[in-house]
Amino acid sequence: MRRIVSFLLAACLLSACVKDADQNIFSNVTLHAYVPGGENIVMMTVDPTLKGNQFLNINTRQNYAYPVFANGYATLRVQKGLYIVAFDAEATYADGSVHTVRCSQHNASDLAAFVLDDSVNLELEMTLLR
């Protein structure tokens, strides 16, 4: 009887230690950059050498590089968490003009973007600098 109880207790303890293998710690983030005037951003590049340009996980301090935006959209695969999203970029409009734009709506810890689901869409309103 003792052996059976010991076996059942050991089985319960071992099954409680099993990690949930289905838990996804990553999120696919779709960034949609737009300007309030409605101009179509055909291509946008973020300069990774500028210190203020960041897609920074507040918890892990990992900073992800921005991909090139095509037609106002870009996609990243990042670890779930809270993110500071801030950057200056060169945006090429549909008419061929090139402008410097800024994203600053999630530029501080208290304004952080929540990236907690398996798939997240972030709307980024750009400010025209020149």
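Which side chain meets that of Asp118 in a salt bridge? The partner is Lys80, with an N to O distance of 2.7 Å.

## Overall makeup

The model is predicted. Its chain has 130 residues, of which 31% count as buried. The secondary structure comes to 1 helix and 10 strands. Read from the N terminus, the order of elements is α-β-β-β-β-β-β-β-β-β-β.

Among contacts in the chain with a separation of 6 or more, 68% are between residues 24 or more positions apart. The chain exposes about 8400 Å², and carbon and sulfur atoms supply 57% of that area.

## Salt bridges

A search of the whole structure gives 2 salt bridges. One is the pair Asp118 and Lys80. This pair links distant parts of the chain, 38 residues apart: Asp118 sits in the loop between strand 8 (113-115) and strand 9 (119-125), and Lys80 in the loop between strand 5 (73-79) and strand 6 (81-93). Asp118 has a relative accessible area of 44% and is therefore partly exposed. Lys80 is also partly exposed, because its relative accessible area is 23%.

A salt bridge is also formed by Asp88 and Arg102, whose closest N and O atoms are 2.7 Å apart. Asp88 belongs to strand 6 and Arg102 to strand 7 (residues 98-106), so the bridge ties together parts that are 14 residues apart in sequence. Arg102 is partly exposed, its relative accessible area being 35%.

## Nonpolar core

The largest nonpolar core holds 28 residues, and Met44, Phe55, Val85, Phe87 and Met126 touch the most other members. At least two residues of this core come from each of strand 1 (26-34), strand 2, strand 5, strand 6, strand 7, strand 8 and strand 9. Strand 6 gives the most, with 6 residues.

What does Phe55 contact, leaving aside its neighbours within four places in sequence? The list consists of Val29, Leu31, Gln62, Asn63, Tyr64, Tyr66, Leu76, Val78, Tyr83, Ile84, Val85 and Leu122.

## His106

His106 lies in strand 7. Is His106 buried or exposed? With a relative accessible area of 15%, His106 falls under the 20% limit and so counts as buried. Leaving aside neighbours within four places in sequence, His106 is in contact with Tyr83, Ile84, Val85, Leu111, Ala112, Ala113 and Leu124.

## Strand 9 and its pairing

Strand 9 has two faces: Val120, Leu122 and Leu124 make up the covered one, while Ser119, Asn121, Glu123 and Glu125 make up the uncovered one. In a regular strand, side chains alternate between the two faces of the sheet. Leu122 of the covered face is in contact with Phe55, and Leu124 with His106.

Strand 9 and strand 1 run parallel and are joined by 7 bridges. Within strand 9, Ser119 stands opposite Asn28.

## Surface patch

Val42, Met43 and Val68 make a nonpolar surface patch of about 240 Å². Val42 is placed in strand 2 (residues 41-46). Why does Val42 count as partly exposed? Its relative accessibility is 34%, and the partly exposed class lies between the 20% and 50% limits. Val42 can belong to a patch because patch residues need over 30% relative accessible area.

Notes: Residues are numbered from 1 along each chain as its sequence is written. This is a predicted model: local features need pLDDT of at least 70, side-chain atom pairs count only at pLDDT 80 or more; totals for chains, interfaces and linings use all residues. Side-chain values use heavy atoms; hydrogens and water are left out. Patches are made of residues with over 30% relative accessible area and no salt bridge: like charges are joined within 9 Å, nonpolar side chains (Val, Leu, Ile, Met, Phe, Trp, Tyr) within 5 Å. Accessible areas come from the Shrake-Rupley method with a 1.4 Å probe; for residues, only the protein chains shown count as cover. A salt bridge is a side-chain nitrogen of Lys or Arg within 4 Å of a carboxyl oxygen of Asp or Glu. Helices (H or I, at least four residues) and strands (E, at least two) are DSSP runs, numbered from the N terminus. Buried means under 20% relative accessible area, exposed over 50%, partly exposed in between (1.4 Å probe, protein chains only). Contact means heavy atoms within 4.5 Å. A nonpolar core is a set of buried Ala, Val, Leu, Ile, Met, Phe, Trp, Tyr and Cys residues joined through side-chain atoms within 4.5 Å. Two strands pair if DSSP finds at least two bridges between them.
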